[in-house]
Amino acid sequence: MQDNQAINKARALYYNLFANFFVPASDVQNYLELVKLVDILKKSPLDTNSGNALEKINELLDSSSNVTLLQEYDEIFHSPTSKNIRTTASYYDEGVESGKKRVEMINFVGKTKLRRNEKKYHEYEDSVGFIFSLMAQLTDLIAQGEKEYENTVHCIFAQILNDFIDEFAKELYEHDKAIVYKELMVVLHSFIEFERLYLEVSKPIPKEKVIKTPTADKDEDISEEEKERRARNKALKAQGPKEEACPIDIAYDVESNI
């Protein structure tokens with residue numbers, strides 16, 4: 001793996017870009033920082049397609065208010081009148097919102113100095129917003145010289161993000177309410193291809209989409225803790241007695257929130 005501080009800083013900026021689009025904040029100041037970041041990245045794009053997309057995003061974003069972007073986000077991910085795009089790795093892997101991919105992400109996070117800020121962030125650990133946020137901070141730490149996180153970043157990309165991001169991006173790109181997010185998926189496509197080359201991770205073979213049938217009534221009243229326990233046990237059974245294929249790096253430092 002290359003040891004290039006400038007590349008890692010740029011990677012952190014891109015992960016931060018996607019994190020801010022998928023963890024939208026009501027704070028206008030945070031939104032203005034996002035607008036500024038788009039302006040920075042469009043000056044040195046990864047390729048022509050992503051450069052054109054960043055230019056369009058820059059034109060589409062309101063320079064003073066985040067209302068339009070928040071409305072588009074809600075129409076894509078939360079509106080009862082349109083198809084909602086699912087955002088968790090577990091959903092694309094098993095057809096459930098909290099599955100073994102979430103357990104894997106919890107384990108990855110648990111071995112770093114970063115923690116989910118549960119007061120501000122309510123999505124699961126394997127949601128795209130959380131994954132991008134975590135990767136942004138870890139790649140920034142790598143750029144600062146904390147090389148112990150290189151393997152963690154590689155593993156999260158190879159085992160979690162790489163497996164479902166193409167399907168997620170395709171669904172979002174084709175969503176009839178996607179305007180800014182449609183252009184963002186062009187940028188994401190270029191970045192993911194770059195990451196695959198940089199991290200030497202192959203593009204996954206497309207698999208048949210998992211469709212989860214509704215559960216029986218007896219499962220409807222299961223608590224969130226019980227769901228997590230079952231997901232954890234399922235993941236452990238799947239791993240079996242073999243050694244972990246992608247060991248998680250451990251860093252015992254002061255914790256900071258994501």
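What follows is a walk through this structure, from model confidence to empty space, aromatic pairs and a few single residues.

Let's start with how far to trust the coordinates. This is a predicted model, and its chain averages a pLDDT of 85, with 79% of the residues scoring at least 70. Two stretches deserve some caution. Over residues 214-220 the pLDDT drops below 50, and the model gives this stretch 1 contact beyond near neighbours in sequence. Residues 248-255 also stay under 50, but here the model has 21 contacts beyond four places in sequence. Where pLDDT is low, the predicted coordinates should not be read in detail.

Now for the empty space. Rolling a probe the size of a water molecule over the atoms shows where empty space is left. Searching the whole structure turns up 3 cavities of 30 Å³ or more, and the largest cavity has a volume of about 90 Å³. Its lining runs through Asn 20, Val 23, Pro 24, Ala 25 and Asp 27, then Asn 30, Tyr 31 and Leu 34, and finally Asn 66, Leu 69 and Leu 70. Two elements give two or more residues to that lining: helix H2 (28-41) and helix H4 (67-77). H2 gives the most, with 3 residues. As for chemistry, the lining of the largest cavity splits into 7 nonpolar, 3 polar and 1 charged.

Next up is the largest pocket, which holds about 800 Å³ of space. It is lined by 27 residues, and the closest to its centre are Ala 19, Asn 20, Val 23, Ala 25 and Ser 133. Look back at the cavity and you'll find some of these names again: Asn 20, Val 23 and Ala 25 line the largest cavity and are listed among the residues closest to the pocket's centre. Helix H1 (5-22), H2 and helix H7 (128-143) each supply at least two residues of the pocket lining. By class, this lining has 14 nonpolar, 8 polar and 5 charged residues.

While you're around H2, take a look at Glu 33, which is found in that helix. Glu 33 is partly exposed, with a relative accessible area of 40%. Its C-alpha lies 9.3 Å from that of Asn 20, and the two are 13 residues apart in sequence. Asn 20, remember, is part of the lining of the largest cavity.

On to the rings. The whole structure contains 18 aromatic pairs. One of them joins Phe 77 and Tyr 181 in an edge-to-face arrangement, at 6.1 Å centre to centre and 80° between the planes. Phe 77 sits in helix H4 and Tyr 181 in helix H9 (residues 180-199), so this pair ties together parts that are 104 residues apart in sequence. Both rings belong to buried residues. Tyr 91 and Tyr 92 make another pair: their ring centres are 5.4 Å apart and their planes stand at 90°, so this one is edge-to-face too. Tyr 91 is buried, with a relative accessible area of 18%, which falls below the 20% cut-off for that label. Tyr 92 is buried as well, at 4%.

The last stop is Leu 114, in strand E1 (residues 114-115). With a relative accessible area of 2%, Leu 114 is buried. Follow the chain for 20 residues and you reach Leu 134, whose C-alpha is separated from that of Leu 114 by 7.9 Å.

How values were computed:
Residues numbered from 1 in each chain as written. Predicted model: local features only at pLDDT ≥ 70, side-chain atom pairs only at ≥ 80, totals over all residues. Heavy atoms only, no water. 1 Å grid on protein atoms, 1.4 Å probe; cavity = no way out; pocket = protein on both sides within 12 Å on 5 of 7 lines; lining within 4 Å. Points joined across faces, edges and corners; volume = space filled by probe spheres on them. Helix = DSSP H or I, 4+ residues; strand = E, 2+ residues; numbered from the N terminus. Nonpolar A, V, L, I, M, F, W, Y, C, P; charged D, E, K, R; others polar. pLDDT = per-residue confidence, 0-100. Contact = heavy atoms within 4.5 Å. Buried < 20%, exposed > 50% of the residue type's maximum accessible area, 1.4 Å probe, protein only. Phe/Tyr/Trp six-rings, centres within 6.5 Å; stacked < 30°, edge-to-face > 60°.
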